[in-house]
Amino acid sequence: MKPLMLHGHERSITQIKYNADGDLLFTASKDQTPNVWFSVNGERLGTFDGHQGAVWSIDVSYDSNRMVSGAADRSVKVWDVSTGVCISSVKAKSSIRGVSFSYSGSLIAYTTDKMMGQESEVRITDIRERQDVEDSPMMRMPITPHMMKGLSVLWGSLDTAIVTGHEDGAIVKWDVRTGKNLDRRCEHSGQIDDMQLNHDGSLLITASKDTTARLWDLETFEPMKKYKTERPVKSAAISPLLDTCPYVVLGGGQEAMEVTTTSTREGKFDARFFHLVFEEEFGRVKGHFGPINSLAFHPSGKGYASGGEDGYIRVHSFDDAYYQYKFDY
Amino acid sequence: MPSIDEHGPKSSWADDILDLPPPSVQVEGNTKTLTEYSYDDNDKMIKIISTFRIEKRQVPKAIALRKGWKKYGQSVNDAPGPNSATTIVAEDVTMQFVTVKDEEDAEKEDVKKKLLDQAKGQVKCRICREDHWTKLCPYKEQLDPLRTSLMGDDKEEENAGPVATGSGGKSLGGSGGKYVPPSMREGANKRGESMGNRSGRDDAITVRVTNLSDSTREQDLQDLFSPFGEIVRIYLARDKNTGMPKGFAFINFMRKEEAERAIEVLNGYGYDHLILNVEWARPSGTQS
């Protein structure tokens, strides 16, 4: 396969996401401008200018009309995807680590960092009301002291619950209506860097610094599978083609601060493909010369994109070999 | 005085480009052919023909609508189609299929090897010079008395060769517990005499290997010679400054027959792209 290399960012990539149709690819990096690209040919549609800090997390609404970004400048901004204009900006008291659109597209959930005397919180805001002035979330759920700060956030179970991933490796499910903590599971021993749902929202995959990724049943919150590597896992995604290609892809590599001390070959910056059920690795794709920070499967399952610490986004479409590969069991 | 006409038209590179035929585009069915002209490094005109396949894709209405959106932000001035400044077609990559078994085995071996390598560097038996603790040496019973009788073993290291130390060494090197430089020891001034007074052990069963490659290590020699019999010690000569092997080594065997067999077999043996030369070491006293 001939990947497309997208070079619109000046610093390391933090998160990439396809929209639901798969024609647009949204990318965020530690520079201050998220980008949006046409995934078919790598043409850049535009950039979202306005943040004043590293953009930690982005999400796209289901209808692809809105994009939300959370940044280290303590703001959440909602953007119009067709024009690149910032529609509303929500101010918080500490930097934003994770943002997520609800399925309906009218609510966003975001997590705030624990810093400057502020406790980490999960908040929900209705973006239909303009909130330029101050932060007045519909609901705020402080992450109690015994829990470490929340990093990533996702909506699940038809917008009745949200799931947060934490610094101590725990994942927590919250009731959206009452704000109560429904369930807390702690299987990982390291910080959770990324959480993704599969195409129908029934499975959750978490990527952790403890060098593993785990698959969860979102409804019961039971751990199901575990994918082991030997380097910290920064991102994991589930293939939408569950029947023909039931695979997951894991990205990661060495800690960014240690990268300069080793060669590319030793760093293991490959995207690694595992069988979803058998937990066995079967394929690797090279390319990045820094750790992979974010991965996303194309919604058709016919390709994937990866964004790395090196600032590049690589958009791959699978060869026939990928579809013809027979898993040996 | 050169006239302007001589240089005029050729000197300007801008004019050169004007000479080129204009690029042309032809669309035939679903192929587009773009013909361009330019100069290569040797100032020769070259013609570049790029052929594009025009693909029509049916997409949902929403996607088609999005295709028509105007670019914005930093891309507002980009022409239709990918901008080569931000979109690069990368080199071909293939998915490498791995089986977990291979991977694990390789890794395990790797770790094992690393550990062994580490141990090799750190632990060295004082008796037989192999990589285990002196206390655990299998030859302790046989060799230890011999060693103590030949105290000053360490001195051997410094003399590049199977040099047995003089019998006087014992009383000097060991007893006081204080280091006495070789040059200050008794008998240092009577070098020739002490050399002649060697015990028969070393010379008789020392094999000299020459024409070794630079990458040879002690362990390689160990692997190469140990099938023939027990090895007392291996000395691989190294350059003092660079630490690189000098290309020859001495192997001390326990038994003469085994050493003989090693010479028989390994002399002329191709090792590491070189032909080994294996022979009996000449007693160093006879070297001129």
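**Two chains, from a buried loop to the main core**

Phe221(A) counts as buried, with a relative accessibility of 1%, where buried means under 20% relative accessible area, exposed over 50% and partly exposed in between, for a 1.4 Å probe and protein chains only. The model is a predicted one, in which local features need pLDDT of at least 70 and side-chain atom pairs count only at pLDDT 80 or more, while totals for chains, interfaces and linings use all residues. Residues are numbered from 1 along each chain as its sequence is written, chains are lettered from A and ligands numbered from 1 in the order in which they are written, and side-chain values use heavy atoms, with hydrogens and water left out.

Phe221(A) sits in the loop that runs from strand E20 (212-217) to strand E21 (222-228) of chain A, and its phi is positive, near 65°, although the residue is not a glycine. The elements named here are DSSP runs, numbered from the N terminus, with helices (H or I) of at least four residues and strands (E) of at least two. Chain A contains 28 strands and 2 helices, and 63% of its 329 residues count as buried. Among the contacts of chain A with a separation of 6 or more, 43% are between residues 24 or more positions apart, a contact being heavy atoms within 4.5 Å.

Two further loops of chain A can be described through their side chains. Ser106(A), in the loop between strand E10 (96-101) and strand E11 (107-112), is buried at 12% relative accessibility. Its side chain makes a polar contact of 3.0 Å with that of Ser104(A); such a contact is a pair of N or O atoms within 3.5 Å, and within protein one must be able to donate a hydrogen and the other to accept it, residues adjacent in sequence counting only if both atoms are side-chain atoms. Leaving aside residues up to four places away in sequence, Ser106(A) touches Thr125(A), Asp126(A), Ile127(A) and Arg128(A). Thr178(A), for its part, belongs to the loop between strand E16 (170-175) and strand E17 (181-186) of chain A, where a polar atom of its side chain lies 3.2 Å from the backbone nitrogen of Lys180(A). The C-alpha atoms of Thr178(A) and Thr160(A) are 10.0 Å apart, with these positions 18 residues apart in sequence numbering.

A link between the chains is found at Ser75(B), which lies in the loop between helix H3 and strand E4 (87-89) of chain B and is buried, with a relative accessible area of 0%. The side chains of Ser75(B) and Arg44(A) are joined by a polar contact of 2.6 Å, and Ser75(B) touches Leu45(A) and Gly46(A) as well as Arg44(A), residues up to four places away in sequence not being counted.

In chain B, helix H11 (residues 256-266) has the buried residues Glu258(B), Ala259(B), Ala262(B), Ile263(B) and Leu266(B). These residues are on the same side of H11(B) because they cover an arc of only 140° around the axis, the arc being that of the directions from the helix axis to the C-beta atoms. On the face turned away from this buried side, H11(B) carries the exposed residues Glu257(B) and Glu264(B). The cover over the buried residues of H11(B) includes strand E6 (206-210), helix H10 (218-225), strand E8 (245-253) and strand E11 (277-280) of chain B. Gly268(B), with a positive phi near 85°, follows H11(B). As for H10(B), 6 of its 8 residues are buried, including Leu221(B), Leu224(B) and Phe225(B). The loop between E6 and H10 of chain B holds Asn211(B), a residue other than glycine whose phi is positive, about 65°, and which is partly exposed at 38% relative accessibility.

The largest nonpolar core (buried Ala, Val, Leu, Ile, Met, Phe, Trp, Tyr and Cys residues joined through side-chain atoms within 4.5 Å) has 21 residues, and those with the most contacts inside it are Val207(B), Val209(B), Leu221(B), Phe225(B), Ile251(B), Phe253(B) and Val278(B). Two or more residues of this core come from each of E6, H10, strand E7 (231-238), E8 and H11 of chain B, and H11(B) gives the largest share, 4 residues. Beyond residues up to four places away in sequence, Val278(B) touches Val207(B), Val209(B), Phe225(B), Ile263(B) and Leu266(B), among others. Apart from this core lies another, of 19 residues, among them Val285(A), Tyr304(A), Tyr325(A) and Val93(B).
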